[in-house]
Amino acid sequence: MSAVQRGRQPVLKVTGLKKAYGAIQAVGGVSFEVMPGEIFGVIGPNGSGKTTMFNSVLGQITPDAGSIELNGRDITRLSPLELNKRGVGRTFQTLQVFGKMTVRDNLLVAAQEHKGTMFSRMVAPGDSGLGPKADALIDQFRIRHVAHKKAGELSYGQQKLVDIAMAFMSEPDLVLLDEPCAGVNPSLVGGISTLLKELNQNRKGSFIVIEHNMDFVMDLCHRIMVMVEGTVMAIGTPAEIRANKQVLDAYLGN
Ligand SMILES: Nc1ncnc2c1ncn2[C@@H]1O[C@H](COP(=O)(O)OP(=O)(O)O)[C@@H](O)[C@H]1O
Ligand SMILES: [Mg+2]
């Protein structure tokens with residue numbers, strides 16, 4: 001809890017966010033704030049609007065209503081690239097690594113994308129002075145032994161680590177992680193949690209984490225938001241969420 005800086009302006013402030021797909025109200029008026037240094041969990045059944053909320057915050061889709069502020073500035077209509085330049089990173093629910101490139105080149109490409117140099121990305125991964133940053137992350141993520149292997153040759157869990165490391169190449173202040181443990185061998189889940197805690201402590205970054213693995217969420221997150229049918233059912237500390245009768249009935253079960 002020590003990394004959270006309370007009493008300050010939120011890093012992210014989402015107000016009255018709405019997004020419908022035809023008759024389906026995927027997100028129906030969601031509001032929440034994420035504080036500097038906070039790890040903010042998002043849980044809820046499949047189809048409750050978690051990914052749609054993420055994609056709205058990340059500029060991937062345009063919400064029907066509501067506003068999104070990053071460090072007090074409106075970012076509601078900015079593109080993903082603009083957001084990345086302003087310090088917002090993400091990982092996707094599915095792997096986004098380039099299987100035929102080495103792990104290290106995947107990291108270099110991720111950073112070049114951030115800089116918008118599509119040309120250098122297509123011609124050659126090169127280094128562009130980003131080598132030291134890639135190497136630091138490779139060590140931090142404990143993937144040095146596979147750094148020069150093609151990413152596609154790694155286990156799913158290791159590829160997931162590469163995927164997460166890629167999001168950190170642009171040194172984001174806010175990272176959104178969509179199901180970082182999905183499909184990962186249970187023996188690796190603790191490692192991902194430890195890593196995210198380290199990154200949170202060392203970089204003072206804020207994270208929003210969607211995840212179904214309840215032990216992981218309860219252990220990692222400072223606060224948790226429960227989404228049900230596109231709305232916020234509760235926001236609170238892990239202890240508060242565990243004790244919330246409505247949440248127990250609707251989602252956590254008995
Ligand atoms: N691109 C889309 N087109 C149509 N319906 C969508 C689209 N994306 C999401 N939905 C619908 O919106 C609802 C919320 O989906 P989603 O945000 O993916 O939920 P979650 O991530 O919590 O599982 C679901 O009913 C889903 O089928
Ligand atoms: Mg989802």
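**Exercise 1.** In this predicted model, determine which strands helix 1 (residues 50-57) lies across, and at what angle helix 1 runs to strand 7.

*Solution.* Helix 1 lies across strand 3 (39-43), strand 6, strand 7 (174-178), strand 8 (206-210) and strand 9. Taking strand 7 as the reference, the helix runs at about 150 degrees to that strand. Because angles over 145 degrees count as roughly antiparallel, helix 1 is roughly antiparallel to strand 7.

**Exercise 2.** Establish the order of the six strands in the open sheet, and identify which strands form its edges.

*Solution.* The order is 6-7-8-3-9-10, and the pairing is mixed. The edges are strand 6 (88-91) and strand 10 (231-236), each of which pairs on one side only. From one strand to the next, the twist averages 15 degrees. At the strand 10 edge, strand 9 (residues 223-228) runs antiparallel to strand 10 and is joined to it by five bridges, with Val 226 standing opposite Ala 234 of strand 10.

**Exercise 3.** Work out how helix 6 (residues 156-168) is oriented against helix 7 (residues 186-203), and which residues make the contact.

*Solution.* The two helices pack at an angle of about 15 degrees, with their axes 11 Å apart. Angles under 35 degrees count as roughly parallel, and therefore helix 6 is roughly parallel to helix 7. The crossing is right-handed. Helix 6 contributes Gly 157, Gln 158, Leu 161, Ile 164 and Phe 168 to the contact, while helix 7 contributes Leu 188, Ile 192, Leu 195, Leu 196, Leu 199 and Arg 203. Sorted by character, these residues comprise eight nonpolar, two polar and one charged.

Methods
Residues are numbered from 1 along each chain as its sequence is written. Chains are lettered from A and ligands numbered from 1 in the order in which they are written. This is a predicted model: local features need pLDDT of at least 70, side-chain atom pairs count only at pLDDT 80 or more; totals for chains, interfaces and linings use all residues. Side-chain values use heavy atoms; hydrogens and water are left out. Axes are lines fitted to C-alpha atoms, for helices over the stretch in contact, and angles run from 0 to 180 degrees between N-to-C directions. Helices (H or I, at least four residues) and strands (E, at least two) are DSSP runs, numbered from the N terminus. Angles under 35 degrees count as roughly parallel, over 145 as roughly antiparallel, 65 to 115 as roughly perpendicular and the rest as oblique. A crossing is left-handed if the near helix is turned anticlockwise from the far one by less than a right angle, and right-handed if clockwise. Contact means heavy atoms within 4.5 Å. Ala, Val, Leu, Ile, Met, Phe, Trp, Tyr, Cys and Pro count as nonpolar, Asp, Glu, Lys and Arg as charged, and the others, Gly among them, as polar. Two strands pair if DSSP finds at least two bridges between them.
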